[in-house]
Amino acid sequence: MTVRIGVTGATGRMGGEVLAAAAEREDLEVVLAVSRSADEEVEGVAVESAADLPALLAEREPDVLVDFTGPESCVEYASACAEAGVALVTGTTGLSDEQFDALETLADDVPVLYASNFSRGIAALRRAVREAIPALDGYDIELTETHHNAKRDAPSGTALTLLEDIDDVRGDAERVHGREGEAPRTEGEIGVHARRAGDIAGEHEVLLAGNHESLSLTHRAGSRGVFAAGALDAAAWLSGRDAGWYDFTEVLE
Ligand SMILES: NC(=O)C1=CN([C@@H]2O[C@H](COP(=O)(O)OP(=O)(O)OC[C@H]3O[C@@H](n4cnc5c(N)ncnc54)[C@H](OP(=O)(O)O)[C@@H]3O)[C@@H](O)[C@H]2O)C=CC1
Ligand SMILES: O=C(O)C1=N[C@H](C(=O)O)C[C@H](O)C1
């Protein structure tokens with residue numbers, strides 16, 4: 001059965017990637033695409049006004065809306081989904097705790113799948129980090145992420161997810177965002193570094209060092225296509241499921 005999808009932020013970097021990737025898939029059909037700046041075609045799809053999203057959801061009846069926009073719009077579009085009974089896949093990062101709470105509440109009404117990163121490589125990196133930490137007890141940990149120069153939020157959503165993973169395994173640690181001046185490392189702290197340059201699609205490195213050795217676990221996205229493909233896999237998987245909060249790792253099981 002063909003899964004009917006809607007795309008928000010269609011004029012954005014990820015919105016365009018999602019539309020391009022969807023055009024290559026036979027299991028999905030794009031039935032609407034919106035952004036605040038409508039009146040354009042992206043990847044041959046007409047982009048309509050995001051202000052009309054509630055009406056468009058009711059009229060076109062997509063199974064799943066795929067969202068890569070901004071934190072406020074993500075919650076706004078999720079509310080429209082809950083109202084219309086449409087499932088939501090979102091990879092928007094930079095959400096506050098309150099915005100995550102709002103999304104989780106809306107998941108009482110419709111299926112919501114959130115992932116700070118839709119690449120399989122990051123899913124594997126997360127597993128590797130969870131395995132490495134207990135094997136390298138007491139080693140210092142530094143996390144570095146590198147993204148294109150237009151990224152708004154820092155640290156990246158993926159970096160925050162990796163930090164949560166580290167805390168889960170090792171207990172809550174102090175996070176030191178960059179260092180300057182007299183700033184010696186304290187035991188157990190995690191250094192967090194965000195670099196912004198050029199058009200880098202996304203790199204994450206978890207460095208563990210101690211006992212005269214170091215282990216660097218690094219993921220590099222070659223293009224945004226990997227995130228778009230993962231989000232569409234998630235949309236296909238989510239369609240028809242019960243209301244609730246879902247994770248990308250469930251899609252990969
Ligand atoms: N989870 C993952 O795997 C990935 C997540 N991301 C995340 O996706 C998000 C989008 O990234 P990217 O595509 O590079 O960003 P862009 O700025 O290129 O695109 C964002 C799009 O969303 C719309 N938008 C932005 N802010 C708002 C807002 N406040 N209200 C309504 N619409 C808004 C813009 O369109 P317009 O202004 O025309 O409405 C634009 O089309 C970011 O949070 C990023 O971190 C990115 C890559 C992978
Ligand atoms: O903004 C981006 O580009 C990306 N954002 C996500 C994040 O914040 O982790 C995922 C990916 O790294 C690309």
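Here are some exercises with worked solutions on a predicted model of a protein with two ligands.

**Exercise 1. Find out which residues come nearest to ligand 1, and which classes of residue surround this ligand.**

Step 1. Start with the neighbours: ligand 1 has 24 residues around it. The nearest of them are Gly 12, Met 14, Arg 36, Ser 37 and Thr 93.

Step 2. Now sort the shell by class. Around ligand 1 there are 13 polar residues, six nonpolar ones and five charged ones.

**Exercise 2. Pick out polar contacts of ligand 1, then find how much of this ligand the protein buries.**

Step 1. Recall the cut-off: a polar contact is a pair of N or O atoms within 3.5 Å.

Step 2. Look at the side chain of Ser 37. One of its N or O atoms is 2.4 Å from an oxygen atom of ligand 1.

Step 3. Turn to the backbone. At Gly 9, a backbone N or O atom lies 3.3 Å from an oxygen atom of ligand 1. At Asn 117, a polar backbone atom is 3.5 Å from a nitrogen atom of the ligand.

Step 4. Finish with the area: ligand 1 exposes 910 Å² when taken alone, and 83% of that is buried by the protein.

**Exercise 3. Locate the pocket of ligand 1 and name the elements that give two or more residues to its shell.**

Step 1. Check the pocket: ligand 1 sits in the largest one.

Step 2. Name the elements. Two or more residues of the shell come from α1 (13–23) and from α3 (71–84).

Step 3. Ask which element gives the largest share. That is α3, with three residues.

**Exercise 4. Describe the surroundings of ligand 2 in the same step-by-step way.**

Step 1. Count the neighbours: 13 residues surround ligand 2. His 147, His 148, Lys 151, Gly 157 and Thr 158 are the closest.

Step 2. Sort them by class. The shell holds nine polar residues, two nonpolar residues and two charged residues.

Step 3. Go through the side-chain contacts with oxygen atoms of ligand 2. For Lys 151, an N or O atom of the side chain is 2.7 Å away. For His 148, a polar side-chain atom lies at 2.8 Å, and for Thr 93 the distance is 3.4 Å.

Step 4. Add the cover: alone, ligand 2 has 320 Å² of accessible area, and the protein covers 86% of it.

Step 5. Place the ligand: the space that ligand 2 takes is the largest pocket.

**Exercise 5. Hunt for unusual backbone geometry at Pro 155, Glu 43 and Asn 211.**

Step 1. Remember the usual case. Most peptide bonds are trans, and most residues other than glycine have a negative phi.

Step 2. Check the bond between Ala 154 and Pro 155. This peptide bond is cis, with omega about -10°. Pro 155 is in the loop between β8 (140–147) and α6 (157–170).

Step 3. Check Glu 43. Its phi is positive, about 50°, although Glu 43 is not a glycine. You can find Glu 43 in the loop between β3 (40–42) and β4 (45–49).

Step 4. Check Asn 211. Here too phi is positive, about 50°, and Asn 211 is not a glycine. The loop that holds Asn 211 runs between β11 (203–210) and β12 (213–220).

**Exercise 6. Find the annotated domain and describe its span.**

Step 1. Read the record: the unreviewed UniProt entry annotates residues 121–252 as "domain: Dihydrodipicolinate reductase C-terminal".

Step 2. Look at the structure of residues 121–252. The span is 36% helix and 29% strand, and its end C-alpha atoms lie 11 Å apart.

Terms used
Residues numbered from 1 in each chain as written. Chains lettered and ligands numbered in written order. Predicted model: local features only at pLDDT ≥ 70, side-chain atom pairs only at ≥ 80, totals over all residues. Heavy atoms only, no water. UniProt positions renumbered as here; feature names shortened; annotations may be inferred. Helix = DSSP H or I, 4+ residues; strand = E, 2+ residues; numbered from the N terminus. Near = heavy atom within 4 Å. Polar contact = N/O pair within 3.5 Å; in protein donor to acceptor, adjacent residues only side chain to side chain. Areas by Shrake-Rupley, 256 points an atom, 1.4 Å probe, with all protein chains shown as cover. 1 Å grid on protein atoms, 1.4 Å probe; cavity = no way out; pocket = protein on both sides within 12 Å on 5 of 7 lines; lining within 4 Å. Sits in = over half its atoms within 2 Å of the grid points. Nonpolar A, V, L, I, M, F, W, Y, C, P; charged D, E, K, R; others polar.
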